[in-house]
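Student: Got a minute to go through this one with me? I'd like to start from a single side chain and work outwards.

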Amino acid sequence: MEYRLLGRTGEKIPAIGMGTWRIGSYNTAEERAAQVRALQKGVELGMNFIDTAEIYASGRSEEVVGEAVRGTRDKVLIASKVAPGHLHHDDVIRACQASLRRLGTGHIDLYQVHWPDSSVPIKETMSAMEELVKAGSIRHIGVSNFSVKETDDARAALAKSEIVSNQVEYSLSNRYVEPDILPYCRKEKLTLIAYSPLARGRVADTIPQALLRKYNMTPAQMMLNWVTRDEQVVAIPKAADIGHLEENAASVSTKLAPADYGLLEKS
Ligand code: NAP
């Protein structure tokens with residue numbers, strides 16, 4: 001696994017972590033156990049950065065993540081998110097406490113504002129985030145789906161802490177961050193956490209066979225390799241299938257030649 005720095009913290013995170021949207025939705029105890037095992041397998045493979053949110057499966061995603069890391073908690077970085085309806089000061093505190101309970105942990109490594117909400121002053125939200133840092137409930141503060149302006153405002157609203165990351169959609173199929181959000185993250189040294197890096201499972205079927213053969217990669221591996229080609233980017237593909245997890249964990253060991261990244265973008 002390749003590692004990247006989380007914002008300016010000096011802390012290392014894997015270039016490929018794991019998403020958990022839809023994890024926590026299950027009908028049987030067996031299905032739940034398989035989700036726990038998949039996350040554990042991913043951690044064993046080096047993807048020890050798990051992204052969840054209070055709204056995923058109405059909190060059950062956090063419960064499954066908590067169960068998966070029992071016994072290995074100190075080796076895993078957990079990221080969760082406070083929902084847009086919870087951005088007033090006291091709601092942020094309560095949402096975080098509820099997430100900690102569901103995760104069964106004393107702290108969240110990266111706590112992110114899931115979406116901006118212009119009806120709540122960002123200063124109010126960020127003052128609650130800083131209180132959570134001070135209390136040791138969260139280690140780092142991040143945002144998600146924030147524009148450059150919204151990120152700047154959030155950073156300016158913090159007294160002592162920093163915004164370390166912005167989690168946004170980024171894949172070969174969705175490159176909207178490239179004109180402004182990605183350059184901003186590079187310049188300001190924020191980590192761009194790429195969500196839906198496999199286009200929500202609509203893995204590209206147009207990648208030239210010659211390219212796949214040249215690097216002995218699958219289309220999904222090419223997509224993950226491409227999205228994390230920038231040192232400022234980490235990706236959080238969601239995979240329940242063990243074969244997918246193995247593919248994803250092995251997707252960044254080789255760098256493509258710059259011209260081949262160009263070919264990929266045209267495919
Ligand atoms: P994604 O990771 O782009 O795609 C997930 C889909 O790809 C699943 O159906 C998975 O199948 C499949 N897949 C995984 N590895 C594969 C492989 N090697 N080959 C072929 N197919 C593969 O989509 P996502 O779940 O939308 O995004 C990832 C994570 O980002 C989420 O889980 C969530 O944590 C986060 N997210 C955040 C936001 C936000 O607003 N901040 C929004 C959306 C998502 P299997 O499960 O069957 O393996």
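Student: Leaving aside neighbours within four places in sequence, which residues is Asn248 in contact with?
Tutor: Asn248 is in contact with Ile16, Met47, Leu198, Leu224, Pro237 and Ala239, where contact means heavy atoms within 4.5 Å. Bear in mind that this is a predicted model: local features need pLDDT of at least 70, side-chain atom pairs count only at pLDDT 80 or more, and totals for chains, interfaces and linings use all residues. Residues are numbered from 1 along each chain as its sequence is written, and side-chain values use heavy atoms, with hydrogens and water left out.

Student: Is Asn248 buried or exposed?
Tutor: Buried, with a relative accessible area of 3%. The cut-offs are under 20% for buried and over 50% for exposed, with partly exposed in between (1.4 Å probe, protein chains only).

Student: Which helix does Asn248 lie in?
Tutor: Asn248 belongs to α9, residues 242-249. Helices here are DSSP runs of H or I with at least four residues, strands are E runs of at least two, and both are numbered from the N terminus.

Student: OK, and which residues of α9 are buried?
Tutor: Leu245, Asn248 and Ala249. They sit on the same side of α9, because they cover an arc of only 95 degrees around the axis, the arc being that of the directions from the helix axis to the C-beta atoms.

Student: What covers the buried residues of α9?
Tutor: The cover includes β3 (18-19), α1 and α8 (219-227).

Student: At what angle do α1 and α9 pack?
Tutor: About 20 degrees, with the axes 10 Å apart; α1 is residues 29-44. Axes are lines fitted to C-alpha atoms, for helices over the stretch in contact, and angles run from 0 to 180 degrees between N-to-C directions. The two helices are therefore roughly parallel, which applies to angles under 35 degrees (over 145 is roughly antiparallel, 65 to 115 roughly perpendicular, the rest oblique).

Student: Which residues make that contact between α1 and α9?
Tutor: Ala38, Lys41 and Gly42 from α1, and Ile242, Leu245 and Glu246 from α9.

Student: Switching to α10, which residues are buried there?
Tutor: In α10 (residues 258-266), Asp260, Tyr261 and Leu264 are buried. They cover an arc of only 105 degrees around the axis, so they lie on the same side of α10.

Student: And which exposed residues does the face turned away from the buried side of α10 carry?
Tutor: Pro258, Ala259 and Lys266. As for the buried residues of α10, what covers them includes α7 (209-215) and α8.
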